[in-house]
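Here is a brief structural report for the bench. Keep the sequence and the model in view while you read.

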Amino acid sequence: MPDEKSFSIPNVGSPVAEIKKQEDVPEAGVALCLSGGGFRAMMFHVGVLRRLSDGGYLSSIDRISSVSGGSITAGTLGLNWGKLNIIQGVAKNFEEAFVQPIRTLAAHTIDVGSVLSGVFGFGTVADKIADHYRKYLFGNSTLQDLPDRPRFVINSTNVQSKSLWRFSKPYMWDWRVGKVENPKIELATVVGASSAFPPVLSPVELDLKESDYVKNTGTGLQRPPFTTRVVLTDGGVYDNLGLETAWKRYKTVLVSDAGGLYAAEPDPDRDWFNHTRRVFDLIDNQVRSLRKRQVIESFSNGDRLGAYWGIWTDIANYEVSKPLPCPVVKTAELASTPTRLKGMNEGLQNRLMNWGYAVCDAAMRKHVTQNWPAPTDFPYLGGV
């Protein structure tokens with residue numbers, strides 16, 4: 001039996017149920033959610049953002065909420081937002097200011113080497129991943145280098161509190177542990193925490209002081225070691241669509257889902273690593289399915305405006321005029337790209353970006369921007 005003085009009743013609130021709790025009526029505004037999915041998601045979301053920019057919609061977005069692989073994309077966009085030459089909503093230098101840095105990272109495999117270096121060298125695996133992000137994307141930039149608008153919210157999961165740990169320019173906050181205002185955490189560390197896929201890239205630890213927190217902003221856990229040694233893992237563990245921090249705030253929500261869809265496996269691996277990975281995949285798939293269902297039902301009954309599109313979507317289901325040609329056999333192949341931080345050749349990068357561009361276009365023209373003209377071609381060579 002545990003010591004009565006040290007035992008507390010656990011918080012049994014469901015992460016899925018959390019998005020139904022509306023403290024206030026959602027305000028007018030637009031939020032974009034970018035899911036996880038490794039480099040696959042990173043490149044897919046780049047195509048999505050390209051379509052939103054080409055349609056003049058990018059500057060309409062008030063908040064971008066991301067997890068995991070989507071946070072690599074979001075963090076890069078946020079850091080370079082001030083460099084974008086946006087005229088009537090269209091970023092004229094989108095490729096140079098945003099896409100090229102992402103392409104540079106995408107050409108390198110950073111997970112395997114980081115694992116080996118973290119296991120057999122100095123520092124942790126998480127440190128090595130952050131070093132790569134620092135080298136290719138963020139340098140020594142911090143959360144304070146993000147713009148005020150749109151608000152970028154990069155989400156991680158607090159292993160200690162079982163809650164979402166959100167990073168943003170004004171504050172980072174876990175509702176159970178407390179709020180830290182104007183944090184100066186490096187973006188490389190923040191994105192590393194959001195994309196710390198368990199078990200191999202996790203955890204990321206933050207060393208903080210009690211004095212860093214605003215008093216009485218946590219519920220039940222604003223005390224050491226929860227406040228001083230924060231242990232974080234992939235944001236997708238708690239919220240694999242990056243949905244919660246957007247859903248509770250805004251009336252219009254756009255959800256870009258590049259997460260995996262896992263097929264039946266007649267002869268699953270029995271070794272501990274691959275079996276554990278398979279179990280994680282099944283958990284992720286189930287939670288994503290529940291959240292997706294809740295999102296689409298809310299759109300259908302009018303509780304929210306917006307659109308959902310997924311990397312596994314059949315573009316024909318949107319029934320819009322002149323969609324870009326995206327045969328299901330080809331898009332399913334792209335959706336099956338492993339959830340890795342593994343280097344991609346230019347052709348695969350192009351195909352993933354083209355697919356994100358095309359399916360975003362169809363979903364937006366169907367549900368949000370009916371006045372958009374259909375695009376005449378893919379933005380990158382090779383189609384899907």
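## The cavity

R63, R151, V153, R166, S168 and Y171 line the largest cavity. A cavity here is a set of points on a 1 Å grid over the protein atoms alone where a 1.4 Å probe fits but cannot get out, and lining residues have an atom within 4 Å of a point. This is a predicted model: local features need pLDDT of at least 70, side-chain atom pairs count only at pLDDT 80 or more, and totals for chains, interfaces and linings use all residues. Residues are numbered from 1 along each chain as its sequence is written, and side-chain values use heavy atoms, with hydrogens and water left out.

The volume of the largest cavity is about 30 Å³. Volume means the space filled by probe spheres set on the points, with grid points joined across faces, edges and corners. Searching the whole structure gives 1 cavity of 30 Å³ or more. The lining splits into 3 charged, 1 polar and 2 nonpolar residues. For this split, Asp, Glu, Lys and Arg count as charged; Ala, Val, Leu, Ile, Met, Phe, Trp, Tyr, Cys and Pro as nonpolar; and the others, Gly among them, as polar.

## Strand 2 and its neighbours

Strand 2 covers residues 63–67, and 5 of its 5 residues are buried. Buried means under 20% relative accessible area, exposed over 50%, and partly exposed in between (1.4 Å probe, protein chains only). Strands (E, at least two residues) and helices (H or I, at least four) are DSSP runs, numbered from the N terminus. In a regular strand the side chains alternate between the two faces of the sheet. In strand 2, R63, S65 and V67 point one way, I64 and S66 point the other way, and all are buried. R63 also belongs to the cavity lining.

Which strands pair with strand 2? Strand 1 (residues 27–34) does so in the parallel sense, over 4 bridges. Two strands pair if DSSP finds at least two bridges between them. A31 stands opposite R63. The chain runs from strand 1 through helix 2 (residues 38–54) to strand 2, a right-handed β-α-β crossover. Right-handed means that, with the strands pointing away from the viewer, the path from the first strand over the helix to the second runs clockwise. Strand 5 (residues 151–158) is parallel to strand 2 and joined to it by 5 bridges. There, S66 has I154 as its bridge partner.

## Strand 5 and strand 9

S156 sits in strand 5. S156 counts as buried because its relative accessible area is 0%. S156 and V204 are 48 residues apart along the chain, and their C-alpha atoms are separated by 9.7 Å.

V204 and L206 form the covered face of strand 9, while E205 and D207 form the uncovered one. Strand 9 pairs with strand 10 in the antiparallel sense, over 4 bridges. D207 has R229 in strand 10 as its bridge partner.

## Backbone exceptions

Most residues other than glycine have a negative phi, and most peptide bonds are trans. Two prolines follow cis bonds here. The R149 to P150 bond is cis, with omega near -5°. P150 lies in the loop between helix 6 (125–138) and strand 5. The P224 to P225 bond is cis too, with omega near 0°. P225 lies in the loop between strand 9 (204–207) and strand 10.

K162 has a positive phi, near 65°. This lysine is in the loop between strand 5 and strand 6 (163–167). K162 counts as partly exposed because its relative accessibility is 46%. K322 also has a positive phi, about 50°. K322 lies in the loop between strand 12 (305–310) and helix 10 (328–335). At 67% relative accessible area, K322 is exposed.

## A buried glycine and the cysteines

Is G235 buried or exposed? G235 is buried, at 0% relative accessibility. The loop between strand 10 (229–233) and helix 8 (244–247) holds G235. The C-alpha atoms of G235 and F197 are separated by 8.6 Å, with their positions 38 residues apart along the chain.

A disulfide is a covalent bond between the sulfur atoms of two cysteines. The structure holds 0 disulfides, counted as pairs of cysteine sulfur atoms within 2.5 Å. C326 is buried, at 8% relative accessible area. C360 is buried as well, at 0%.

Note on methods
On a 1 Å grid over the protein atoms alone, a cavity is a set of points where a 1.4 Å probe fits but cannot get out, and a pocket is an open set with protein on both sides within 12 Å along at least five of seven lines; lining residues have an atom within 4 Å of a point.
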